[in-house]
Amino acid sequence: MDETLPWPSDWLRGVLEVCVLRVLADGPTYGYAITAALTDGGLGATKGGTLYPLLKRFEGAGWVSTDWRPGEGGPGRKYYELTDAGRAVLHERSAQWLAFARATSRFVAHGAGPGTTDAGDQGGQR
């Protein structure tokens with residue numbers, strides 16, 4: 001697959017939460033910078049209509065705190081910062097995602113034949 005093509009949207013919906021949390025782990029930032037980090041990371045462009053409701057959900061769940069800061073030569077920006085609860089969710093979801101990615105990669109490469117499963121990679125779920 002040509003990596004310049006967009007990823008299927010349902011794949012992105014599945015991984016966007018953990019990727020946005022990961023971007024926020026690097027320190028407080030604002031929406032456009034989050035989108036740029038996702039794009040630079042190879043995920044493609046994320047629309048504001050997708051990102052901002054997700055950030056609002058994070059705020060409601062207590063995973064991020066927000067702070068309005070004056071802009072440099074422009075309007076102010078809303079900065080998002082992970083809370084301790086957000087860091088805990090990132091840690092948990094990252095481990096789950098990595099186990100899921102290993103399992104799906106193994107399945108895609110080898111199918112469901114004998115010896116292709118590993119209970120330790122199921123993120124604690126059966």
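Trainee: In this predicted model, which residues does V20 touch, not counting residues up to four places away in sequence?

Mentor: V20 touches I34, L38, L51, L54, L55 and F58. V20 is also among the residues with the most contacts inside the largest nonpolar core, which has 20 residues. The largest share of this core, 8 residues, comes from α1.

Trainee: Why is F58 called buried?

Mentor: Its relative accessible area is 0%, and buried means under 20%, so F58 meets the criterion.

Trainee: What makes W63 count as buried?

Mentor: The same kind of test applies: the relative accessibility of W63 is 13%, and the limit is under 20%, so W63 is buried as well.

Trainee: Why is the pair of F58 and W63 called tilted?

Mentor: The ring centres are 5.3 Å apart, and rings pair if their centres lie within 6.5 Å. The planes are at 45°, whereas stacked needs under 30 degrees and edge-to-face over 60, so the pair is tilted.

Trainee: How do you know that W97 and F100 form a tilted pair?

Mentor: Their rings are 5.5 Å centre to centre with 50° between the planes, and because planes neither under 30 degrees nor over 60 apart count as tilted, the name follows. W97 and F100 are 3 residues apart in helix α4, so about one helical turn separates them.

Trainee: Why does W97 count as partly exposed, and why does F100?

Mentor: W97 has 31% relative accessibility and F100 has a relative accessible area of 46%; buried means under 20% and exposed over 50%, so both residues are partly exposed. Together with L98, W97 and F100 make a nonpolar surface patch of about 300 Å².

Key:
Residues numbered from 1 in each chain as written. Predicted model: local features only at pLDDT ≥ 70, side-chain atom pairs only at ≥ 80, totals over all residues. Heavy atoms only, no water. Patch = residues over 30% accessible without salt bridge, like charges linked within 9 Å, V, L, I, M, F, W, Y side chains within 5 Å. Areas by Shrake-Rupley, 256 points an atom, 1.4 Å probe, with all protein chains shown as cover. Salt bridge = Lys/Arg side-chain N within 4 Å of Asp/Glu carboxyl O. Core = buried A, V, L, I, M, F, W, Y, C linked by side-chain atoms within 4.5 Å. Buried < 20%, exposed > 50% of the residue type's maximum accessible area, 1.4 Å probe, protein only. Helix = DSSP H or I, 4+ residues; strand = E, 2+ residues; numbered from the N terminus. Contact = heavy atoms within 4.5 Å. Phe/Tyr/Trp six-rings, centres within 6.5 Å; stacked < 30°, edge-to-face > 60°.
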